[in-house]
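This report looks at how a ligand is held by its protein and at how the strands of that protein are arranged into sheets. The sequence and the structure are shown first, and the discussion follows.

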Amino acid sequence: MTSERECFVYIVPPGATEFVTAGRFRWIEDSAGAVGRFVYGRSYRERADAVELDPVELRLSGEVYETARMQGFFGAIRDSMPDFWGRRVIERNAGFTELAEFDYLMEGPDDRAGALGFGLNVEPPAPRRRFNRTLELARLQTAADALIADDPELAGSVGNQVEEMLLLGTSMGGARPKVVVQDEHGLWIAKFSRNDDRWNHPRVEHGMLTLARACGVDAADSRLESVAGRDVLLVRRFDRDRRDAGYRRHRMASALTLLRAGDGHGERDDWSYLLFADEIRRVSAAPDEDLRELFGRMCFNAAVSNLDDHPRNHAVLASGRQWRLSPAFDLTPSPVVALERRDLAMICGRSGRYANRTNLLSAHGRFLLDQAEATALFDRTARIVREQWRTHMRSAGVTERDREAISSAFLYDGLFYGNAG
Ligand SMILES: Nc1ncnc2c1ncn2[C@@H]1O[C@H](COP(=O)(O)OP(=O)(O)O)[C@@H](O)[C@H]1O
Ligand SMILES: [Mg+2]
């Protein structure tokens with residue numbers, strides 16, 4: 001049986017706060033698999049402010065683009081779709097009916113990362129004005145708990161309306177429970193703790209973001225809120241810019257899209273900082289600066305065992321017409337036992353994923369750095385992490401017990417093996 005679905009793709013052009021219709025996406029699924037087709041509308045292409053949806057795949061042209069990869073979803077569209085957490089909320093809201101991949105695209109609310117929107121009408125909807133407020137975090141936290149625990153009683157106590165509010169944030173991707181909230185400064189991603197967390201995740205992630213900044217990494221802005229006795233991390237959305245008329249939206253494309261890679265295990269060969277660096281060199285408006293920044297992040301991730309640094313946790317952002325590396329986000333220490341060898345999620349040097357100084361420095365040229373610059377950057381990062389990680393965690397309110405629980409993540413032995421080489 002063949003099933004065919006279609007929607008319009010909207011975009012908020014640079015500088016604007018309202019959607020315009022950019023093109024049409026058709027998705028065809030049959031027993032052999034799925035293909036997607038995308039075509040830009042002529043009237044969109046003729047606009048002075050028309051921009052491409054992403055910098056690698058869907059260039060602005062009259063061509064009919066087709067893909068059979070990634071279940072027929074182009075990278076830019078896939079980046080706008082929910083991930084593990086969002087799917088769970090959507091399934092719950094849809095009453096556990098079986099959903100096709102396409103439904104997840106249509107069910108996500110209008111708060112997704114980046115500048116795109118999707119709908120069935122040729123005319124785009126008015127942008128959403130009302131968001132959840134930070135004031136509502138307590139109820140949202142209870143609703144998230146209920147969903148994780150699959151507890152109808154807890155769910156009953158917060159009511160359906162709150163579950164609907166949880167939908168805000170579902171399109172943001174990622175596995176951890178989160179919602180999008182607004183305060184007088186703008187939009188934030190609220191990341192909740194889970195009852196089964198081994199340490200206080202909101203506080204630790206906040207400490208990681210401030211530590212990264214101390215190392216010179218351009219990390220997302222964040223703050224902590226205490227809600228009904230629990231901590232919530234608020235990360236400021238760097239893809240939205242508040243204006244009197246509404247929000248500007250900045251296009252975003254994940255490293256997965258730039259690498260034309262998938263999530264599947266077989267596609268991990270393409271998960272690489274070196275290949276990502278090559279793409280940045282092509283698409284960034286300031287490649288030297290962005291590549292130095294990316295190299296610094298890679299060193300930081302190795303120094304703190306952020307082993308979950310997969311390509312969905314890196315992105316490029318276009319706040320105007322031009323693309324740049326986005327701020328760093330989702331930095332989490334993995335306190336694993338191995339002391340000799342730990343692997344990053346992406347290839348980081350000639351010896352693969354090995355989080356090791358010699359390996360990290362081995363491909364410095366791909367980041368347009370000479371050996372001396374790369375060495376200085378790594379050594380500075382390692383020194384600051386050594387000297388300051390405890391202070392940053394303490395300032396974030398991470399308890400001594402939790403600091404102990406994560407301490408083996410920082411500067412593990414194998415990072416320095418073969419130093420002389
Ligand atoms: N500050 C931010 N501004 C805009 N988008 C963000 C920001 N932080 C994360 N994102 C987007 O939201 C997704 C999920 O956030 P992330 O922090 O990675 O959550 P998780 O810990 O669940 O993986 C990211 O993959 C990215 O696309
Ligand atoms: Mg993530």
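Which residue is the bridge partner of L317 in β15? The partner is R324, although, as the model is a predicted one, this pairing, like everything below, describes computed coordinates.

**The three-stranded sheet**

The bridge between L317 and R324 belongs to the pairing of strand β14, which covers residues 315-318, with β15, and these two strands run in the antiparallel sense over two bridges. Together with β13 they form an open sheet of three strands in the order β13-β14-β15, with antiparallel pairing. Because β13 (251-254) and β15 (324-325) each have a single partner strand, they stand at the edges, and one side of each is left without a neighbour in the sheet.

**The five-stranded sheet**

Another open sheet is built from five strands in the order β6-β7-β8-β10-β9, and here the pairing is mixed. Its edges are taken by β6 (132-133) and β9 (222-227), each of which has a single partner strand, so that one side of each lacks a neighbour in the sheet. Within this order, β8 and β10 pair in the antiparallel sense over four bridges, and W188 has R236 of β10 as its bridge partner.

**The ligand site**

R236 also leads to the ligand, since this residue is listed with M172, R176, K178 and K191 as those that come nearest among the 18 residues around ligand 1. The polar contacts of ligand 1 that can be described here are set out in the table, with the kind of atom on each side.

| Residue | Protein atom | Atom of ligand 1 | Distance |
|---|---|---|---|
| R236 | polar backbone atom | nitrogen | 2.8 Å |
| R312 | backbone N or O atom | oxygen | 3.2 Å |
| N313 | polar side-chain atom | oxygen | 3.1 Å |

Taken alone, ligand 1 exposes 550 Å², of which the protein buries 92%. The space that ligand 1 takes is the largest pocket, and the elements that give two or more residues to the shell around the ligand are β8 (186-191) and β10 (230-236), the two strands that pair over four bridges in the five-stranded sheet.

What is the make-up of the shell around ligand 1 by class? The shell has seven nonpolar, three polar and eight charged residues, and R236, whose backbone supplies the contact at 2.8 Å to a nitrogen atom of ligand 1, is also the bridge partner of W188.

Key
Residues numbered from 1 in each chain as written. Chains lettered and ligands numbered in written order. Predicted model: local features only at pLDDT ≥ 70, side-chain atom pairs only at ≥ 80, totals over all residues. Heavy atoms only, no water. Near = heavy atom within 4 Å. Polar contact = N/O pair within 3.5 Å; in protein donor to acceptor, adjacent residues only side chain to side chain. Areas by Shrake-Rupley, 256 points an atom, 1.4 Å probe, with all protein chains shown as cover. 1 Å grid on protein atoms, 1.4 Å probe; cavity = no way out; pocket = protein on both sides within 12 Å on 5 of 7 lines; lining within 4 Å. Sits in = over half its atoms within 2 Å of the grid points. Nonpolar A, V, L, I, M, F, W, Y, C, P; charged D, E, K, R; others polar. Pairing = 2+ DSSP bridges.
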